[in-house]
Amino acid sequence: MEKCAWTAVDRATVFDFCDGYISYLNAGKTERLCVTITEEMAKNAGFVPLDTVDNLTAGMKVYQVNRAKNIVLAVIGKEPITAGVNLVAAHIDSPRVDLKPNPLYEDSGMAMVKTHYYGGIKKYQWTAIPLSLIGVVVRADGSVVDINIGEEATDPVFTITDLLPHLAVEQMSKKMTEAFTGEDLNALIGSLPSDDDKDKYKDNILTLIREKYGFEEEDFISAELELVPTFPARSLGLDSSMIGAYGQDDRVCAYTALAGILELTNPTRTAVCFLADKEEIGSVGNTGMKSRFFENFLAHLASKCGGYTDLTLREILTNSMCLSADVTAGMDPNYKSVCEPLNSAYMGGGLAICKYTGARGKSSTSDANAEFVAKVRGIFNQNNITWQICELGKVDQGGGGTVAQYIANLDVDTLDVGVPLLSMHAPFEVASKVDVYMAYLGYKAFYLA
Ligand code: MN
Ligand code: MN
């Protein structure tokens, strides 16, 4: 069912909204930067840290940051919290190339860094493009050095080299999974020698690091440094109807879920926006969706809304409902064969609902209940949201997962609802501006349902 969301909107309004999204993408190229900018936007909208409030009443706006990489916002509803919350959950980590704990070495007159890629990438896409180095280095005394090199026009950038076609006869005849290995993704970081006799290229980089950033080689061990595409988010197409950018999986849903909750004033039910880390590697760790952090946050809300007991928390979860806000595959005219046209998301077709994701016979998906799909469809219809139903590709073509299954495991009704992308997980992903706008309208309507 091909729909066209453009017929239902004022185009200037859509373009204006997406200018804000483009700024968010440019300011938030890592999960840490996303948390920083999200917290700033939350404060400006009147949200306060949860631990600064003793009692919560209807209309109050609070947030909590989890270890600088995961943030949750809530607007307290008029109904008691035990009636459940309306949750929109997205993720702010994106595929990229991380530095190894012991990264620095030299070879053939150049200083290099070893990397370990993060998430599902097609490795060849990350070679021969400019990369920025962003993250933190934590010294043994606990002090933190913020690193952000490459984002300013005057900054140097980094790159992972690729082989010239002239000498690539053997490489070009290999399978793509074998032509580029993870251990080959070493990035260039310098080529000036120091006065030392030994390791003079590596040594020169270490001297620069010591002078400019004040840390030592061993400090790399307690660092989180990410190589991400340097180019900024841009409008795409002669008509500027699309956005081309790094990190739209899943910052497109994060931004739209956030924009929605920031505008709420007095919702009936408590609205919660959860921006998770670690989705791209399985929602693991204490900043991922599988962590107890989400339940702990609800427990604190309960305690400040009139009293926490274990049973209160269970009651909140049972009565809650959730949109798992994550991107899906858009129908790509260049790769139509992997999609089944009746059950695919189309660019510009509006917000995409996936009843299930998964692979190999719906494996590893929560497969939302028909009753809840009907409820969400009803909410969208009542609010004139253009939406479409989809699967992620043909049966047995591949598949994927989201945070949906982990939230569903908590006894929460959960449905995947997000924005279709082209070139997902590539350094430059494509979204339709009208789908971005529909996501914002859809998530906002859901908070208020
Ligand atoms: Mn995603
Ligand atoms: Mn992804």
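Okay, quick definition before we start: a pocket here is an open set of grid points, on a 1 Å grid over the protein atoms alone, with protein on both sides within 12 Å along at least five of seven lines. And keep in mind that this is a predicted model.

So, with that in hand, the second largest pocket comes out at about 430 Å³. It has 23 lining residues, and the ones closest to its centre are Ile149, Phe158, Ile189, Leu208 and Tyr213. Who gives the most to that lining? Helix 5, with six residues. Strand 8 (144-149) and strand 10 (187-190) each put in at least two as well. By residue type, we've got 17 nonpolar, four polar and two charged.

Now the largest pocket, at about 1200 Å³. There, 37 residues do the lining, with Ala329, Leu392, Ser423, Met424 and His425 closest to the centre. The split is 13 nonpolar, 18 polar and six charged. Helix 10 (404-408) and strand 20 each supply at least two of those residues.

Hang on to His425, since we meet that residue again at the metal. The manganese ion, ligand 2, is coordinated by Asp249, His425 through NE2, and Glu280 through two OE contacts, at 2.1 to 2.6 Å. In sequence, the donors run D-x30-E-x144-H. Glu280 sits in the loop between strand 14 (270-276) and helix 7 (293-304), while His425 is in the loop between strand 20 (420-422) and strand 21 (429-432), so to speak 145 residues away. Both Glu280 and His425 are buried.

Last bit: what does Asp249 bridge? The two manganese ions, ligand 2 and ligand 1, which lie 3.3 Å apart.

Terms used:
Residues are numbered from 1 along each chain as its sequence is written. Chains are lettered from A and ligands numbered from 1 in the order in which they are written. This is a predicted model: local features need pLDDT of at least 70, side-chain atom pairs count only at pLDDT 80 or more; totals for chains, interfaces and linings use all residues. Side-chain values use heavy atoms; hydrogens and water are left out. Donors are N, O and S atoms within 2.8 Å of the metal (3.2 Å for Na, K and Ca); water is not among the atoms, so sites may look incomplete. Helices (H or I, at least four residues) and strands (E, at least two) are DSSP runs, numbered from the N terminus. Buried means under 20% relative accessible area, exposed over 50%, partly exposed in between (1.4 Å probe, protein chains only). On a 1 Å grid over the protein atoms alone, a cavity is a set of points where a 1.4 Å probe fits but cannot get out, and a pocket is an open set with protein on both sides within 12 Å along at least five of seven lines; lining residues have an atom within 4 Å of a point. Grid points are joined across faces, edges and corners, and a volume is the space filled by probe spheres set on the points. Ala, Val, Leu, Ile, Met, Phe, Trp, Tyr, Cys and Pro count as nonpolar, Asp, Glu, Lys and Arg as charged, and the others, Gly among them, as polar.
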